[in-house]
Amino acid sequence: TAARDKVFFLGPMKTGTTSLSKLFTERGYKTCHGECAGETWSTMTHAHKADSKSLRDHDAFMDHGDHTDFEWLNQTYPTA
């Protein structure tokens with residue numbers, strides 16, 4: 001399978017993230033909805049850990065996106 005560009009939803013929780021997670025899962029994305037792999041994905045963006053399990057092993061991210069380091073995400077994942 002070809003690698004996918006990552007998708008980051010930068011809005012807060014309670015903005016349709018459960019529906020987005022379901023939609024992307026149905027389309028074959030491996031989603032991270034808040035916490036995955038024992039990590040909160042938004043926290044990993046502040047730690048600048050692109051090699052974290054949550055960021056490495058998932059394609060689409062939602063919930064708590066308003067808590068991310070969005071500038072780091074843009075630099076690290078320019079095709080997202």
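1. Let's start with F8, which lies in strand β1. Keep in mind as you read that this is a predicted model. Is F8 buried or exposed? With a relative accessible area of 15%, F8 is buried, because buried means under 20%. Setting aside neighbours within four places in sequence, F8 is in contact with W41, L55, F61, L73, Y77 and A80. For a sense of spacing, try S19: eleven residues separate F8 and S19 in sequence, and their C-alpha atoms are 14 Å apart in space.

2. F8 also belongs to a bigger group. Which residues make up the largest nonpolar core? There are ten of them: F8, C32, C36, W41, M44, L55, F61, W72, L73 and Y77. Two helices, α2 (41–46) and α4 (70–76), each supply at least two residues of this core. As general background, nonpolar side chains tend to be buried together in soluble globular proteins.

3. Look next at L73, another member of that core. Which residues does L73 touch, once neighbours within four places in sequence are left aside? L73 is in contact with F8, L10, W41, T45 and T68. The contact with F8 appears in the list for F8 as well, so you can trace this pair from either end.

4. Two cysteines of the core deserve their own point. C32 and C36 form a disulfide, and their sulfur atoms lie 1.9 Å apart. How many disulfides does a search of the whole structure find? The search finds one. In general, a disulfide is a covalent bond between the sulfur atoms of two cysteines. The link of C32 and C36 is left-handed, with -90° about the S-S bond. Both C32 and C36 are buried.

5. Now for the sheet. It is an open sheet of three strands in the order β1-β5-β2, and the pairing is parallel. Why do β1 (7–8) and β2 (31–33) each have a side without a neighbour in the sheet? These two strands stand at the edges and each has a single partner strand, so one side of each is left free of a sheet neighbour. Strand β5 (residues 60–62) pairs with β2 in the parallel sense over three bridges. If you would like one position to find on screen, H33 stands opposite M62 in β5.

6. A helix joins this picture. Helix α1 packs on the sheet and touches β1, β2 and β5. The direction of α1 makes about 165° with that of β2.

7. T17 is a good residue to visit in that helix, as its place is in α1 (residues 17–26). Is T17 buried or exposed? T17 counts as buried, because its relative accessibility is 6%, and the cut-off for buried is under 20%. The side chains of T17 and D63 are joined by a polar contact of 3.4 Å. Beyond its neighbours within four places in sequence, T17 is in contact with P12, H33, M62 and D63. You have already met H33 and M62, which stand opposite each other.

8. Two histidines have backbone angles to look at. H48 sits in the loop between α2 and α3 (53–56). Its phi is near 55°, a positive value in a residue other than glycine. H64 lies in the loop between β5 and α4. Phi of H64 is near 65°, which is also positive in a residue other than glycine. H48 is partly exposed, with a relative accessible area of 44%, and H64 is partly exposed at 24%.

9. Finally, let D69 link two places. Which residues does H48 contact when neighbours within four places in sequence are left aside? H48 is in contact with D69 and W72. H48 and D69 are 21 residues apart in sequence, and 8.4 Å apart in space from C-alpha to C-alpha. T43, found in helix α2, is partly exposed with a relative accessible area of 44%. The C-alpha atoms of T43 and D69 are separated by 8.5 Å, with their positions 26 residues apart along the chain.

Terms used
Residues numbered from 1 in each chain as written. Predicted model: local features only at pLDDT ≥ 70, side-chain atom pairs only at ≥ 80, totals over all residues. Heavy atoms only, no water. Disulfide = S-S within 2.5 Å. Buried < 20%, exposed > 50% of the residue type's maximum accessible area, 1.4 Å probe, protein only. Core = buried A, V, L, I, M, F, W, Y, C linked by side-chain atoms within 4.5 Å. Helix = DSSP H or I, 4+ residues; strand = E, 2+ residues; numbered from the N terminus. Contact = heavy atoms within 4.5 Å. Polar contact = N/O pair within 3.5 Å; in protein donor to acceptor, adjacent residues only side chain to side chain. Pairing = 2+ DSSP bridges. Axes fitted to C-alpha atoms, helices over the stretch in contact; angles between N-to-C directions.
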